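This report walks through selected strands, buried positions and charged pairs of one protein chain. Please keep the sequence and the model open while reading.

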Amino acid sequence: MGSRKTAHLFGLAFILLAIHPINGDLSYSIPEEMKRGSVIGNIAKDLGLDLLRLSTRKARIDAEDNSGKYCGINLNTGDLIVQERIDREGLCAKKASCLLKQELVLENPLELHRITIRVQDINDNSPQFKEESLQFEIRESAIKGAEFMLDEAHDGDIGENAVQDYLLQQNDHFTLNVKMKAAGRKYDGNTLELVLEKELDREKQHGINLLLTALDGGSPQRSGTVVIHVTVLDANDNAPVFSQAVYKARLPENSPPDTLVVTVSASDADEGVNADVTYEFGHVSDDVKTIFSIDRNVGKIRVIGIVDYETTRSFEIRVKAKDGLGLSSYAKVILDITDVNDNAPVVSLKSLTNPIPEDSAPGTEVGIVNVQDRDSEANRQVRCSIQQNVPFKLVPSIKNYYSLVTTGQLDRELESDYNITITATDEGSPPLSSSKTVQLSVADINDNPPVFEEQSYSAYVTENNKAGSTLCSVTSRDPDWRQNGTVIYSLLPGEVNGVSVSSYLSVNGDTGVIHAVRSFDYEQFRSFKVHVMARDNGSPPLSSNVTVSVFVSDVNDNSPQILYPNPEGNSFMTELVPKAAHAGSVVSKVIAVDADSGQNAWLSYHIVKSTDPGLFTIGLHSGEIRTQRDISESDIMKQNLIVSVKDNGQPFLSATCSMYLLISDNLAEVPELKDISYDEKNSKLTYYLIIALVSVSTFFLTFIIIILGVRFCRRRKPRLMFDGAVAIPSAYLPPNYADVDGTGTLRSTYNYDAYLTTGSRTSDFKFVSSYNDNTLPADQTLRKSPSDFADVFGETEESSEV
């Protein structure tokens with residue numbers, strides 16, 4: 001027995017690298033069982049790709065039909081490397097050609113290159129027999145040349161590495177006969193026969209043990225053995241014969257257990273126990289044993305496991321028929337599995353840009369989607385779609401790849417996250433579908449300025465407020481995210497009454513609360529406006545402004561101020577009241593103002609003390625002093641009134657003054673008056689003034705007479721007596737005072753002029769006709785020394801007339 005050595009031997013470092021363009025792509029040839037990390041070829045060089053861009057283009061190796069990812073790519077060198085164990089027998093079984101299909105996927109732009117790897121067989125499997133020993137029972141009547149079928153050895157390798165030769169242990173009775181197939185391949189699925197060369201003699205030898213060795217053609221050569229135990233029996237000279245040499249059947253995948261596949265039958269021409277035929281599987285793989293079973297007695301092959309078209313599309317099963325005494329024959333069952341639509345499409349997300357900026361232009365590629373269906377023909381035709389309510393769509397790309405692109409403008413403030421459901425449906429009957437949800441976030445850009453909740457704000461504060469008190473709060477909203485939506489408040493530069501606005505107000509940059517920096521005075525200003533800016537922290541920052549109007553409200557912090565009579569110093573105001581004055585006649589008026597406003601400036605006048613309480617009354621709001629009744633001769637000449645002026649604030653504030661009235665028609669009728677303002681403190685000063693006035697009296701007397709004569713001729717007005725030179729012109733008001741009718745008492749219908757010498761013991765009175773009819777006329781000017789009125793006021797100091 002000779003064996004042919006293979007013409008091509010694989011060395012330890014064997015690798016066949018052959019690049020043959022297949023539809024413009026790559027093809028490599030490698031031996032199986034290469035170590036992980038072994039280099040298959042440099043695809044960057046073979047395809048002319050830029051090595052530096054492999055990483056940026058996310059180069060990767062994917063497997064067609066999701067059959068397994070056996071290869072990878074070294075992004076630094078561009079080498080195609082072994083990533084998982086490649087077992088040709090596991091991939092292709094006994095197929096003569098074993099092709100491993102991989103895909104090189106590049107992005108930006110999307111490219112797809114198919115890589116076909118031809119896996120060459122190496123001698124890594126030893127021949128194996130189905131059983132460790134074969135039992136034969138041969139009758140001694142067997143004639144020379146009788147043939148007995150043997151189970152061939154199985155070798156997972158193919159070609160020269162498969163079983164090439166058989167050797168039978170040297171013996172006296174049997175030889176080995178190998179029958180070739182019609183194709184002429186001697187040891188490829190051959191039939192072995194044990195040939196009887198010398199008749200058996202049971203009386204001499206009950207049994208024979210033979211060793212059968214199977215040899216492959218690999219280098220180094222591998223072998224497998226089986227022991228043949230021959231038991232010599234009496235005559236059984238007919239082996240079972242199948243009704244068909246080959247049985248063919250079709251079976252849908254996913255057939256339920258106990259489904260009948262096919263029934264094989266064989267007959268034996270012998271009789272009795274020699275004709276009892278039993279069935280069993282010949283040499284089959286473990287997968288066949290887990291999926292199918294055969295009824296030992298009737299030859300029915302049934303389903304016991306899972307039949308999957310996507311795993312195995314056809315089965316070739318050898319069935320053995322054996323009679324009761326050990327004669328056997330074989331038949332072949334070819335079983336084709338038909339596909340049913342039992343696999344839903346599988347949606348895989350290969351690449352995703354997340355998050356995506358909200359200013360991305362329509363048509364921007366967001367991700368790459370791959371869809372696979374393991375079924376065949378129409379069952380694997382897939383339609384892919386997404387829901388209608390999102391600004392995205394799927395664009396078919398290469399083969400079973402789709403690009404997920406935007407269809408419109410994105411706005412994070414309207415929609416910050418999208419759940420995109422990708423649905424794939426095949427063309428099977430009934431159709432199957434699957435879906436995958438892609439969560440996509442929209443990245444924020446600073447495209448929204450802060451917006452105030454109100455178009456303008458008003459703050460109301462009471463004067464005399466404490467520094468640091470809160471006036472109001474401004475609030476703005478920015479729909480952007482994180483720092484783009486963080487708002488900072490500040491005051492815009494400006495002035496209030498010539499002073500920087502920051503001297504009056506401050507704003508909290510985080511909360512927008514506006515505080516008073518100082519105390520406000522209503523009498524200085526009643527309102528002012530400032531501008532507040534809200535700015536976000538984006539790049540570049542966006543801002544908006546709002547106007548804040550601050551209104552200062554009045555409090556009752558100013559007491560009434562009496563303008564007439566003068567309440568200060570030691571001067572006293574004295575007016576003449578005609579004896580003929582009737583009830584209701586105006587004899588004088590108290591003039592007062594209040595720096596406050598509103599009801600805080602509403603003044604009321606009250607006589608708190610008088611010499612004769614029933615003689616005079618004062619207008620509650622006008623301040624006019626009137627007679628309550630007619631003047632009588634019994635009334636005291638000197639009348640002293642103390643008047644209180646109150647405002648309407650809460651609590652109210654007040655001021656008082658004294659008014660002196662003389663009931664007389666003419667000063668000549670008045671007894672000597674003594675200056676009521678004269679006291680011990682002023683007496684010494686008056687004494688020195690008198691000495692000074694005596695020395696210049698001649699000069700001033702002439703001057704005063706001329707002046708008084710001229711004025712007397714022009715007009716007549718009420719006479720007022722002051723202890724000092726005082727002039728109150730018509731409608732005089734201090735700065736910042738407002739006279740509102742009903743709140744003050746200074747009206748333009750009353751005019752009073754008085755001329756007096758400062759600190760003089762002699763006073764000049766000029767009586768001029770008043771605009772009021774109740775004012776008494778006078779037609780002369782009197783010069784009287786204080787001693788002339790001494791009796792009236794109870795003083796004893798003497799004075800000479802100047």
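## A buried isoleucine

A residue is called buried when its relative accessible area is under 20%, exposed when that area is over 50%, and partly exposed in between. The structure discussed here is a predicted model, and the statements below should be read in that light.

Is Ile86 buried or exposed? Its relative accessibility is 1%, and because this is under the 20% limit, Ile86 counts as buried. Ile86 is found in the loop between strand E5 (79–82) and helix H2 (88–92). Leaving aside neighbours within four places in sequence, Ile86 is in contact with Ile30, Glu32, Glu33, Tyr70, Leu91, Leu100 and Val119. One of these residues, Leu100, is 14 residues from Ile86 in sequence, and the two C-alpha atoms are 9.2 Å apart in space.

## Salt bridges

How many salt bridges does a search of the whole structure find? The search finds 22. Side chains of opposite charge can pair when their charged atoms come close. One pair joins Arg36 and Glu84, whose closest N and O atoms are 3.6 Å apart. This pair links distant parts of the chain, with Arg36 in the loop between strand E1 (26–31) and strand E2 (39–42) and Glu84 in the loop between E5 and H2, 48 residues apart. Arg36 is exposed, with a relative accessible area of 60%, whereas Glu84 is partly exposed, with a relative accessible area of 34%.

Arg629 takes part in a salt bridge with Asp612, at 3.0 Å from N to O. Arg629 lies in the loop between strand E49 (624–627) and strand E50 (638–646), and Asp612 lies in the loop between E47 and strand E48 (616–618), so the pair ties together parts that are 17 residues apart in sequence. Arg629 also forms a salt bridge with Asp635, the closest N and O atoms being 2.9 Å apart. Arg629 counts as partly exposed, at 29% relative accessibility, while Asp635 is buried, with a relative accessible area of 12%. Elsewhere, a network of salt bridges links Lys58, Arg60, Asp62, Glu107 and Lys350.

## A buried aspartate without a salt bridge

Asp596 lies in the loop between strand E46 (591–593) and strand E47 (604–610). Why does Asp596 have no salt bridge? A salt bridge needs a side-chain nitrogen of Lys or Arg within 4 Å of a carboxyl oxygen of Asp or Glu, and because the nearest side chain of opposite charge, Arg526, is 8.8 Å away, buried Asp596 does not meet that limit.

The side chain of Asp596 does reach the backbone nitrogen of Asp557, at 3.4 Å. Not counting residues up to four places away in sequence, Asp596 touches Glu463, Glu523, Asp554, Val555, Asn556, Asp557, Asn558 and Ala601.

## Two open sheets

Strands of a sheet pair through backbone hydrogen bonds, either parallel or antiparallel. In one open sheet, 3 strands follow the order E34-E40-E39 with antiparallel pairing. Its edge strands, E34 (470–473) and E39 (505–507), each pair on one side only. On average, neighbouring strands of this sheet are turned by 25 degrees against each other, direction ignored. Strand E34 is joined to the antiparallel strand E40 (residues 513–516) by 3 bridges, and Ser473 has Val513 in E40 as its bridge partner.

Another open sheet contains 4 strands in the order E25-E31-E30-E27, and its pairing is mixed. Strand E25 (356–357) and strand E27 (382–386) stand at the edges with a single partner strand each, so one side of each is left without a neighbour in the sheet. Strand E30 (residues 417–426) and strand E31 (residues 433–443) run antiparallel and are joined by 9 bridges; Thr423 has Ser435 in E31 as its bridge partner.

## Partners of strand E42

Strand E42 (residues 543–553) is joined by 7 bridges to strand E33 (residues 456–462), and these two run parallel. In this pairing, Ser458 stands opposite Ser549 in E42.

Strand E41 (residues 527–536) pairs with E42 in the antiparallel sense over 9 bridges, and Phe528 stands opposite Val550 in E42. E41 and E42 form a hairpin, with 6 residues between them.

Key: Residues numbered from 1 in each chain as written. Predicted model: local features only at pLDDT ≥ 70, side-chain atom pairs only at ≥ 80, totals over all residues. Heavy atoms only, no water. Pairing = 2+ DSSP bridges. Axes fitted to C-alpha atoms, helices over the stretch in contact; angles between N-to-C directions. Buried < 20%, exposed > 50% of the residue type's maximum accessible area, 1.4 Å probe, protein only. Lys, Arg positive; Asp, Glu negative; His and termini not counted. Polar contact = N/O pair within 3.5 Å; in protein donor to acceptor, adjacent residues only side chain to side chain. Contact = heavy atoms within 4.5 Å.
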